[in-house]
There are 2 protein chains.
Amino acid sequence: MQPLDTQSNQANGGNELVGELLSTIFPIMDALRNGMRSQRPADLTEPQFRTMGFLCHNEGISLSGMAEEFGLTLPTVSKMVDGLVKRELVLREENPRDRRRVTLRLTEKGRSVFEAAKRNTNARLAEMLGTLTPDERAMIVSTLQIMRRVFAPEKEIG
Amino acid sequence: MQPLDTQSNQANGGNELVGELLSTIFPIMDALRNGMRSQRPADLTEPQFRTMGFLCHNEGISLSGMAEEFGLTLPTVSKMVDGLVKRELVLREENPRDRRRVTLRLTEKGRSVFEAAKRNTNARLAEMLGTLTPDERAMIVSTLQIMRRVFAPEKEIG
DNA sequence: TATTGTTATACTCTATAACTATA
DNA sequence: TATAGTTATAGAGTATAACAATA
């Protein structure tokens, strides 16, 4: 949102970048949250959106698998899943091979709510990004790939 | 964190970008939160960090000014400021010219805690970005400027 | 009457500690 | 004994509704 102290970020290599990075991603996160919240009552918070997006591609994962994936504690994901189960967006099922383990997946309703939130989020962000030229968008694509190498090295998009 | 459904984002202009944008900024936000939380007991949450960064450059702003700036409601910022006041990081003062109004500023402790969190956050992110080549960093700088034109048009860094 | 802010209430997100059930 | 998960508790962040004080 703000430069957060531009003056002191002009020294060396990566450091120079950080203030600009923060004052760019904060407004993006704001726009993202607005997109997810814009169609009540089927709206989702950012953690719920991430959780359901992950379940969309990792059906049957356990709670501890999710906790590790997201870098959160077990009680945190357990409680977050509680909320999604209460809204009938996610199913908690027992794993018969190891009855300590829970397996998770989206309900049909969950999938459709997630897809709607994603469409909405995409539409909002895409509309904003659509004001750029093709060259500018291509430059963003290349740069995002570089940034993912740094911040999400194990999660390249194929 | 995840692509969140790469397949369906390959159609038109801005839309193609959105999946890549999300799977890039989520891990960045994770790294940022880790940086802010890494030196207890003086750690800050992301909203606290943003609030204090804003106060750092806008001493004397009112609660409603902050609420508008952040796109939050008055009760929300009032309560968040409560927490910062309780930790003696922010001062709430009465404005004698309009006694309905509150003016806010960082305490000395607040300033030093914020600077420490910022140093820590910067160091962590800068270390990660420092693995890139100068050309790659220059490309990121240019791209962030483009993205700010889209998502934070009124807040250019001078 | 309109504006500024607080309080009451409720829900989500997060953590640590203590617990249960299963392996 | 170790692992998977839940429950208890607590604090932060968010909202809406109802309120008080000031203009």
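1. How far does a polar side-chain atom of Ser78(A) lie from a phosphate oxygen of DNA strand D? The distance is 2.4 Å. That is a polar contact (a pair of N or O atoms within 3.5 Å; within protein, one must be able to donate a hydrogen and the other to accept it, and residues adjacent in sequence count only if both atoms are side-chain atoms).

2. A word on the basis. This is a predicted model: local features need pLDDT of at least 70, side-chain atom pairs count only at pLDDT 80 or more, and totals for chains, interfaces and linings use all residues. Residues are numbered from 1 along each chain as its sequence is written, chains are lettered from A and ligands numbered from 1 in the order written, and side-chain values use heavy atoms, with hydrogens and water left out.

3. DNA strand D has 23 residues around it (near means a heavy atom within 4 Å). The closest are Ser64(A), Ser78(A), Val102(A), Thr45(B) and Thr76(B). Of the strand D atoms within 4 Å of the protein, 68% belong to sugar and phosphate.

4. Two further polar pairs involve strand D. Arg101(A) has a side-chain N or O atom 3.3 Å from a phosphate oxygen. Lys79(B) places a polar side-chain atom 3.0 Å from a base oxygen. Helix 3 (63-70) and helix 4 (74-86) of chain A, with helix 2 (46-57) and helix 4 (74-86) of chain B, each give two or more residues to this surface. Helices here are DSSP runs (H or I, at least four residues), numbered from the N terminus.

5. DNA strand C is also surrounded by 23 residues. Thr45(A), Thr76(A), Ser64(B), Ser78(B) and Val102(B) are the closest. Sugar and phosphate make up 66% of the strand C atoms within 4 Å of the protein.

6. Ser78(B) has a polar side-chain atom 2.5 Å from a phosphate oxygen of strand C. Val102(B) uses a backbone N or O atom, 2.6 Å from a phosphate oxygen. Arg100(A) has a polar side-chain atom 3.5 Å from a base oxygen of strand C.

7. Within chain A, the axes of helix 2 (residues 46-57) and helix 5 (residues 108-129) come within 10 Å and cross at roughly 115°. Axes are lines fitted to C-alpha atoms over the stretch in contact, with angles from 0 to 180 degrees between N-to-C directions. Residues in contact (heavy atoms within 4.5 Å) include Phe49(A) and Met52(A) of helix 2 and Phe114(A) of helix 5.
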